[in-house]
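Visitor: Please show me the model, and then I will put some questions about it.

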Amino acid sequence: MTAKPKIVVGLGTCGIAAGGREIYNAIEKALTENNIDAELTQTGCIGACENEVLVDIAKPGQPRISYGKVTEEKIGEVVTNHLLHDKIDREFALGKIGEGELSAEYDDLPYFFTDLPFYEKQVRLCLRNCGFINPEKIDEYVERDGYQALKQVITEMKPEEVVEVIKSSGLRGRGGGGFSTGMKWQFTMNAVGDKKYVVCNADEGDPGAFMDRSILEGDPHSVMEGMAIAGYAVGADEGYIYCRAEYPLAVNRLKMAIEQAKEKNFLGDNIFGTDFSFNLKVKEGAGAFVCGEETALLMSIEGKRGMPRPRPPFPANEGLFGKPTCLNNVETFANVPVVILDGPEKFASIGTEGSKGTKVFALTGSINRTGLAEVPMGITLEEVVYDVAGGIIDDGKFKAVQAGGPSGGCIPEDLLHLPIDYDSLTEAGAMMGSGGLVVMGEDTCMVDIARYFLSFTQIESCGKCTPCREGTKRMLEILERIVAGEGKPDDIEKLKTLGEAISATALCGLGQTAPNPVLTTLRYFQEEYEQHIFDKRCVAGICVDLMFYLIDAELCNGCGRCRKACPVSAISGDKKEVHVIDKETCIKCGVCVEKCKQEAISLQS
Amino acid sequence: MKAENDLNYAAIDNIYDTWKSQKGALIPMLQEMQEEFGYLPRTALEYLAKKLHQPISQIYGVCTFYSQFHLKPRGKHIIRVCQGTACHVRGIAKIATALEEELEVPVGDTTEDLLFTYESVACVGCCGLAPVMMIDDVTYGRLNAAAVPDILKKYEGGEGNDS
Ligand SMILES: Cc1cc2nc3c(=O)[nH]c(=O)nc-3n(C[C@H](O)[C@H](O)[C@H](O)COP(=O)(O)O)c2cc1C
Ligand code: FES
């Protein structure tokens, strides 16, 4: 359609962090200098974080070429070569998108979404627009069927019918719990109240997860459209998006999107000329993990300390300001327009018996291809780790994958054949969670990981209930002494007893799931705990207190630099002779390693 | 601290007026006040409490609950190292050690010259580029410890917003 060539720069938070703005400016400069008339625009995250900064260039009638890992120095050349000389720089080109004529010389360029291993197994429903549209321009969303689902719903369907469609699609909440979205809408629809609300949970507190951020930054309208449809179904005329303050770009794009949607009357009063009205506001969080929990989140919107309260009553009956409230996650809402437009049957045809559709995962850790991937439910963990994410970096060996963040667990190699769905992950002691998958290689210490997660939940515990406030603290103390080499023989038993007690008695999901990382690592990696406690060894080489410095006799030339630098005189040896470190005296400060020019000193476990 | 006596009360009045008609607006009011003063001075909170007819204890409770609010003055630039899982697995500990050495203050503190406040954050959502830190609104990804001093230098000689 565009007669001008189009250049699109990926400017999500990760694109910007990788230097996207500088690239954008460099392209602008190259265009002016060479008098090229082209449209330069931006888009959200396409998911291939490993290849940031990403730039796509399309000439009219030609497929769009995606370039990755471009540099500020080279990008000008890449652009001019492509636009003026039809030359594609193979150093940066990743693949082509769409059809069109291209010189035969480039026939071998892979198709981005079907040929590149990262995308081959993906099915992009939620992320359908991410990386394609400029999120700051509503017209680009509308061009791709944006707000058509809303129109269809409010002009042709009754609220009960909408609820029925969502129910029959099998869509379950993507925020962690996996509750049936249709059921939740039905409860809110049936609840009695003069006023009702729709709330979107965009708190995304799990460290290692960034799916919701990418959707909000890359395609904010899809979430807003889903919310408006929910509003129609449950009978609400007002909605809030609760977004964590750590996501400034997402907040800005949402605010911009709301203004634009109001102008077009997709939000506001009498939408599409009907008597349905719906208004949206953005609320910024203020940095508290527990505010991701629904009742705490509602408290926080009300301007109070975000402390959870016991349920029932559920928000569907008594939510924001005491009114019936339909609360869903970002990704859940983003799925809604797809369900309506494609029909519930098509949605339900993807996935497994109990889990329908797709799930977006944030793939991170020790893997070759980090990024955002949307895969069909039921795909195995193995396919995700090896086929999509490209396996462990530096040909390392896989050890575990952590799913579900601080509430989830670590899954070992022999369970990699598990299909990804709500139920099998829960059975393995982990959980779907919000969708963070952190892959860990042999150089990760499982005891340290358990300690890491527990210290996170311990700090974030709101302090309201005793099992969580005190229990997690006791567990953390035990883990801290184990990694410090002071573990006691009955520590493993103690951890299990405490963990199970906290799971059973804590007030909210935070406490109930806090022991999961410890319990799963105990279940699958108990021998590693035993090595720490009984042999005082950390095989992964992470727990410094269990390690010692050793001078390699082959490499040491007896220069004496380390001996002089050691603050506690733990190193001895004559000039030109091999030196040794006294393990008892050594305080493991590591100064000797820095001083040694022979690289003869290293940490050993 | 002496600044507390000549607080800009008009600014608080303005913030209060913008938000007073909205339900549950305490948090955005505090956010804007912090934007104005850099932190939340006690006198400012007392003044707001009077206007809201709320006990100061309730407001204080909200301030201390959320990690975003600060009751003490802060540095000109805010450094946030990511403590998220991806960053943990990809070695953020080494970056943190390097920062501590350069800044000579522990996490949670401000350097003596009030140039930097050194904090940690749960995850900045750039896990694909781990390990990650933020200085003000700029995110630095794919870090290694050796790069830390150079990054800090950009902020030491006056402005640091060139990147
Ligand atoms: C400690 C804790 C943190 C949570 N954090 C989030 C979060 O960051 N995002 C989210 O969508 N749901 C989170 N949840 C789940 C919500 O309570 C709620 O179940 C969910 O938002 C409902 O939406 P859904 O049905 O669409 O999944 C959290 C729950 C707990 C217990
Ligand atoms: S874990 Fe560091 S950015 Fe997410």
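The turns below go through the two chains, their contact and some single residues.

Visitor: What kind of model is this, and how are residues and chains labelled?
Guide: This is a predicted model, in which local features need pLDDT of at least 70, side-chain atom pairs count only at pLDDT 80 or more, and totals for chains, interfaces and linings use all residues. Side-chain values use heavy atoms, with hydrogens and water left out, while chains are lettered from A and ligands numbered from 1 in the order in which they are written, and residues are numbered from 1 along each chain as its sequence is written.

Visitor: How many helices and strands are there in chain A, and what is its radius of gyration?
Guide: Helices (H or I, at least four residues) and strands (E, at least two) are DSSP runs numbered from the N terminus. Chain A has 24 helices and 18 strands. For its 605 residues the globule rule (2.2 Å times the number of residues to the power 0.38) gives 25 Å. Chain A is close to that value, so it is as compact as a globular protein of that length, and its radius of gyration, taken over C-alpha atoms, is 27 Å.

Visitor: What share of the residues in chain A is buried?
Guide: Buried means under 20% relative accessible area, exposed over 50%, and partly exposed in between (1.4 Å probe, protein chains only). Of the 605 residues in chain A, the buried share is 60%.

Visitor: Among contacts in chain A between residues at least 6 apart in sequence, what share joins residues at least 24 apart?
Guide: Contact means heavy atoms within 4.5 Å. Counted that way, the share in chain A is 69%.

Visitor: Which pattern does chain B follow along the sequence?
Guide: Chain B contains 7 helices and 4 strands. Read along the sequence, they give α-α-α-α-β-α-α-β-β-β-α.

Visitor: What distance separates the centres of domain 1 and domain 2 of chain B?
Guide: The bounds, which come from an automatic or database domain assignment, are 4–65 for domain 1 and 77–156 for domain 2. Taken over C-alpha atoms, the centres of these two domains of chain B are separated by 30 Å.

Visitor: How much area do chain A and chain B bury between them, and which residues of chain A lose the most?
Guide: In the contact, 55 residues of chain A meet 36 residues of chain B. Buried area is the accessible area (1.4 Å probe) that two parts lose on being put together, summed over both; here the total is about 3200 Å², with 58% on carbon and sulfur atoms. Together 18% of what the chain A side buries comes from the residues losing the most area to chain B: Ala286(A), Arg305(A) and Tyr452(A).

Visitor: Is Asp491(A) buried or exposed, and with which side chain does it make a polar contact?
Guide: Asp491(A) lies in helix α20 (residues 491–505) of chain A. Its relative accessible area is 0%, so Asp491(A) is buried. Leaving out residues up to four places away in sequence, Asp491(A) touches Ile478(A), Arg481(A), Ile482(A) and Ile533(A). A polar contact is a pair of N or O atoms within 3.5 Å (within protein, one must be able to donate a hydrogen and the other to accept it, and residues adjacent in sequence count only if both atoms are side-chain atoms); at 2.7 Å, the partner side chain is that of Arg481(A).

Visitor: Why does Phe92(A) count as buried?
Guide: Phe92(A) sits in the loop between α3 (72–85) and β5 (93–97) of chain A. Beyond four places in sequence, its contacts include Tyr67(A), Val70(A) and Val78(A). Phe92(A) counts as buried because its relative accessible area is 6%.

Visitor: Where are the cis peptide bonds at Val53(A) and Pro312(A)?
Guide: Most residues other than glycine have a negative phi, and most peptide bonds are trans. The bond from Glu52(A) to Val53(A) is cis, with omega near 0°, and Val53(A) is in the loop between β2 (39–43) and β3 (55–58). Arg311(A) and Pro312(A) are also joined by a cis bond, with omega about -5°; Pro312(A) is in the loop between α13 (294–301) and β9 (325–329).

Visitor: What is the relative accessible area of Glu104(B)?
Guide: Glu104(B) is not a glycine, yet its phi is positive, about 60°. Glu104(B) is in the loop between α6 (92–103) and β2 (116–121) of chain B. Glu104(B) counts as exposed because its relative accessible area is 69%.
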